[in-house]
Amino acid sequence: MAGGIGAPAAADVGGPATPQRLYPTNGATSITLSWTEPATGDRPAYFQVYEGGSVVARNTTTHATIANLVFDSAHTYTVTAVDAYGHESAASAPISRTAIEGGPWACGITTPTGLTATNITASGVSLSWSNAQPYYDEPVPLLVLLDGVIVEQTTLDSARISGLASGSTHTVAVARRDCVSGGLHTSTPLTITTSAGPSTRPTPPSGLTVTGTTNGSVSLAWTPSAAAVGYAVYDGGTRMAFSSGNSVTVTGLWRDTAHQFTVSALDAAGGESAQSGAAAVSTAPCDTVVPPPTALTVTPRSASTVALSWSSFVQSSGYVVYRSGTQVASVDGTSAVVTGLPPASAGTYSVAVREAANGGACGTSAPSAGVTATTLPGAYARPVAPTSLTVTSQSPNYSNYNTGTVALTWSQPASADPVVGYRLYDGSSVLASTTSTSVTLTLPSGPTHAVYVVSVDANGNESVLDGPVHFTVPFMPLP
């Protein structure tokens, strides 16, 4: 897999364009990134999110969530695009964010920045700006102003204003409305002058509706405009299509993404009408075929246990682990252990991913390519597995808000193979080893864990897994 380890190399010649306009938003124990992929260059097959030199997320669309972050931890991310041939773009500009859990305490107070005017014609102008907001400010729709008058409302970071007179000068700006005071937090305005050109302007189209969606396209229809010889279709401020009739299918979109389309009429002289009313829509959320995990490795750890790790091209709600075609585990992250196996026994392991998306749950992929591994030689006896793994208490650490404590207990049935201890697993990582049927863990606050317990005999062989139990390590909110 291209770029799986280490920082991205210089952009490959002929590969995808570099992702642009990277925005972070906070969730409980997570940071979600969204970005724009330019239409130039090869179309990416997937995107990689880097923190330093490590890939921390991948997805087949233009957003990704990095979950299970430690409370009050600071992170800096970049994003690259990778095409079907493994060509990787240069990294995006970096973006930094701190994982502060809890909801915003303000609403609409951030003044938009970076307002830019492009594609200025005799009839119109396209605007773009930065939608970046601090974690404490709840997102609200943005207002586009022409000569001080609100002409559009949008959640995007661009818009098209048209139907203007040739050679006319205007002031344009974009603003957020404060949810408390009702006042506008308005960007630094720009003054633009349309170019010379025809004076005619057709009437704008009406009745713009969405007639169909897929995971890569949106179909639109509208009522024709008198004197129009064609129509320009915009998504925000970007022209996406031209139609000589009153319908179009906009293709080349990314799955699970939000769009706000408008349409303007074009007359024979080249005049452009004002924009139609907007149609907001999201593409279908799921891949047509969910790509299976890749880079599966299987490492024997003992006569009873193998450890697995893998990579995923998509965001997931979990993974299913198979041994020789039979499901043997279900985990949340990209690693697992399979325990309680016979010594010197061969099995072919594979993993499937359950794809997750903002727009809803998706299907499960086919299993990955299989990897055969053999447990180490050793004794055949295996201890009986523990039962009733339970979380008994959770609390923040009041002397160190970056950690919390979680107490767990379980029961141990009688076992012909004597039990000498226990291991607690989260994926393939050992969280704790103990000789007791209870443990108190002190862990970084914020992440969610799915924990299993196994019993261990004197030879180091493990029982099958008991669990999982899920818990989020508690935290003490900052004052």
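Buried here means under 20% relative accessible area, exposed means over 50%, and partly exposed is in between (1.4 Å probe, protein chains only). Strands are DSSP runs (E, at least two residues), as helices are (H or I, at least four), numbered from the N terminus. This is a predicted model, so local features need pLDDT of at least 70 and side-chain atom pairs count only at pLDDT 80 or more, while totals for chains, interfaces and linings use all residues. Residues are numbered from 1 along each chain as its sequence is written, and side-chain values use heavy atoms, with hydrogens and water left out.

**Exercise 1. Describe the overall make-up of the protein chain.**

Step 1: start with secondary structure. The protein chain has 39 strands and zero helices.

Step 2: look at the dimensions. Along the principal axes, the C-alpha atoms fill a box of roughly 95 × 50 × 40 Å.

Step 3: check the burial. Of the 479 residues, 48% are buried.

Step 4: turn to contacts (heavy atoms within 4.5 Å). Taking those between residues at least 6 apart in sequence, 68% join residues at least 24 apart.

**Exercise 2. Work out how enclosed β26 is, and find its partners.**

Step 1: count the buried residues. Strand β26 (residues 306-311) has five of its six residues buried, so the rest of the structure largely encloses it.

Step 2: look for pairing, which takes at least two DSSP bridges between two strands. On one side of the list is strand β25 (residues 294-300), antiparallel to β26 over five bridges. Thr 297 stands opposite Ser 309 there, and the two strands form a hairpin with five residues between them.

Step 3: add the other partner. Strand β29 (residues 335-338) also runs antiparallel to β26, joined by four bridges. Here Val 306 has Val 338 as its bridge partner.

**Exercise 3. Do the same for β23.**

Step 1: burial again. Eight of the nine residues in strand β23 (residues 258-266) are buried.

Step 2: now the partners. β23 pairs with strand β20 (residues 230-235) in the antiparallel sense over six bridges, and Gly 230 sits opposite Leu 266. Strand β24 (residues 279-282) is antiparallel to β23 too, with four bridges; His 259 faces Val 281 in that pairing.

**Exercise 4. Trace the salt bridge between Arg 21 and Asp 157.**

Step 1: apply the rule, a side-chain nitrogen of Lys or Arg within 4 Å of a carboxyl oxygen of Asp or Glu. That gives five salt bridges. In one of them, Arg 21 and Asp 157 meet at 2.7 Å, N to O.

Step 2: place the residues. Arg 21 is in strand β1 (residues 20-27) and Asp 157 in the loop between β13 (149-154) and β14 (158-161), so the pair ties together parts 136 residues apart in sequence.

Step 3: compare exposure. Arg 21 is partly exposed at 32% relative accessible area, whereas Asp 157 is buried at 14%.

**Exercise 5. Which residues are joined into one network by salt bridges that share partners?**

Step 1: take Asp 287 and Arg 255, whose closest N and O atoms are 3.2 Å apart. Asp 287 lies in the loop between β24 and β25 and Arg 255 in the loop between β22 (247-250) and β23, so this pair ties together parts 32 residues apart in sequence.

Step 2: bring in Glu 355, which forms a salt bridge with Arg 255 at 3.1 Å between the closest N and O atoms. Glu 355 sits in strand β30 (residues 346-357), 100 residues from Arg 255.

Step 3: put the pieces together. Arg 255, Asp 287 and Glu 355 make up one network.
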